[in-house]
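This briefing introduces one structure to a reader who has not met it before. Please look at the sequence and the model shown here, then read the points that follow.

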Amino acid sequence: MLQMGKVDDIGPFKGFPKEALGFLSGLKETNTKAYFDANRSVYDTHVVAPSRSFVVAMGQELITRVSPGFVAIAQANGQSMPAFEPHK
């Protein structure tokens with residue numbers, strides 16, 4: 001069984017765009033809430049969206065190749081840890 005939360009807005013996985021790497025590089029250099037908040041739209045569009053697509057694509061592959069009982073959950077904003085957690 002494949003559980004994916006809201007799957008209506010999840011497209012096929014096409015890789016991670018360069019904007020995702022730019023966001024992550026910037027976050028590495030400036031790991032602050034201000035940076036994250038100022039770049040939230042980049043995070044949502046270029047990191048979260050492709051990540052959800054990746055989870056769904058990998059889930060489908062694992063169902064096909066490993067076990068039809070595999071469960072893949074592509075869920076945003078429901079994770080057990082916050083999206084932003086500064087390192088001290």
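In helix α3, the buried residues are Y43, V47, V48, P50, R52, S53, V56, G59 and I63. These buried residues pack against α1 (18-29) and against α2. The model is a predicted one, and the points below set helix α3 in the context of the whole chain.

**Overall architecture**

- The chain contains three helices and zero strands, and its pattern along the sequence reads α-α-α.
- The chain has 88 residues, of which 23% count as buried.
- Among the contacts in the chain with a separation of 6 or more, 71% join residues that are 24 or more positions apart.
- The accessible surface of the chain is about 6,300 Å², and carbon and sulfur atoms contribute 58% of that surface.

**Helix α3**

- Helix α3 covers residues 40-65 and has 26 residues.
- From its first C-alpha to its last, α3 reaches 36 Å, which is close to the 38 Å expected at 1.5 Å a residue.
- At V48, α3 bends by about 30°, and the proline P50 follows within four residues of that point.
- V48 and P50 are both among the buried residues of α3.

**Two residues of α3 and their contacts**

- S53 is found in helix α3 and is buried, with a relative accessible area of 7%.
- Because the limit for a buried residue is under 20% relative accessible area, the value of 7% places S53 in that class.
- Residues up to four places away in sequence being left out, S53 touches I10, G11, P12 and F13.
- H46 also lies in helix α3; leaving aside neighbours within four places in sequence, H46 is in contact with F16, P17, E19 and A20.
- The C-alpha atoms of H46 and G22 are separated by 9.7 Å, and these two residues are 24 residues apart along the chain.

**Aromatic residues**

- How many aromatic pairs does a search of the whole structure find? The search finds seven aromatic pairs.
- One pair is formed by F13 and F16, whose ring centres are 5.4 Å apart and whose planes meet at 70°, so the pair is edge-to-face.
- F13 is partly exposed at 31% relative accessibility, and F16 is likewise partly exposed, with a relative accessible area of 42%.
- F13 is one of the residues touched by S53, and F16 is one of those in contact with H46.
- In the pair of F36 and Y43, the ring centres are 4.9 Å apart and the planes lie at 55°, so this pair is tilted.
- F36 is buried, with a relative accessible area of 1%, and Y43 also counts as buried, at 15% relative accessibility.
- F36 and Y43 belong to one aromatic cluster, together with F23 and Y35.
- A pair of aromatic rings is described by two quantities, the distance of the centres and the angle of the planes.

**Salt bridges**

- The count of salt bridges in the model comes to two.
- K33 and D37 form a salt bridge through their side chains, with a distance of 2.7 Å from N to O.
- Where do K33 and D37 lie? Both are in helix α2 (residues 33-38), four residues apart, which is about one turn of the helix.
- K33 is partly exposed, with a relative accessible area of 48%, and D37 counts as partly exposed at 39% relative accessibility.
- R65 forms a salt bridge with E61, in which the closest N and O atoms are 2.5 Å apart.
- R65 and E61 both lie in helix α3, four residues apart, about one turn of the helix.
- Is R65 buried or exposed? R65 counts as exposed, at 69% relative accessibility, whereas E61 is partly exposed, with a relative accessible area of 35%.
- An α-helix has 3.6 residues a turn, so residues three or four places apart point the same way.

How values were computed
Residues numbered from 1 in each chain as written. Predicted model: local features only at pLDDT ≥ 70, side-chain atom pairs only at ≥ 80, totals over all residues. Heavy atoms only, no water. Salt bridge = Lys/Arg side-chain N within 4 Å of Asp/Glu carboxyl O. Helix = DSSP H or I, 4+ residues; strand = E, 2+ residues; numbered from the N terminus. Buried < 20%, exposed > 50% of the residue type's maximum accessible area, 1.4 Å probe, protein only. Phe/Tyr/Trp six-rings, centres within 6.5 Å; stacked < 30°, edge-to-face > 60°. Contact = heavy atoms within 4.5 Å. Areas by Shrake-Rupley, 256 points an atom, 1.4 Å probe, with all protein chains shown as cover. Expected span 1.5 Å × (residues − 1). Bend = angle between axes of the 7 residues up to and from the residue.
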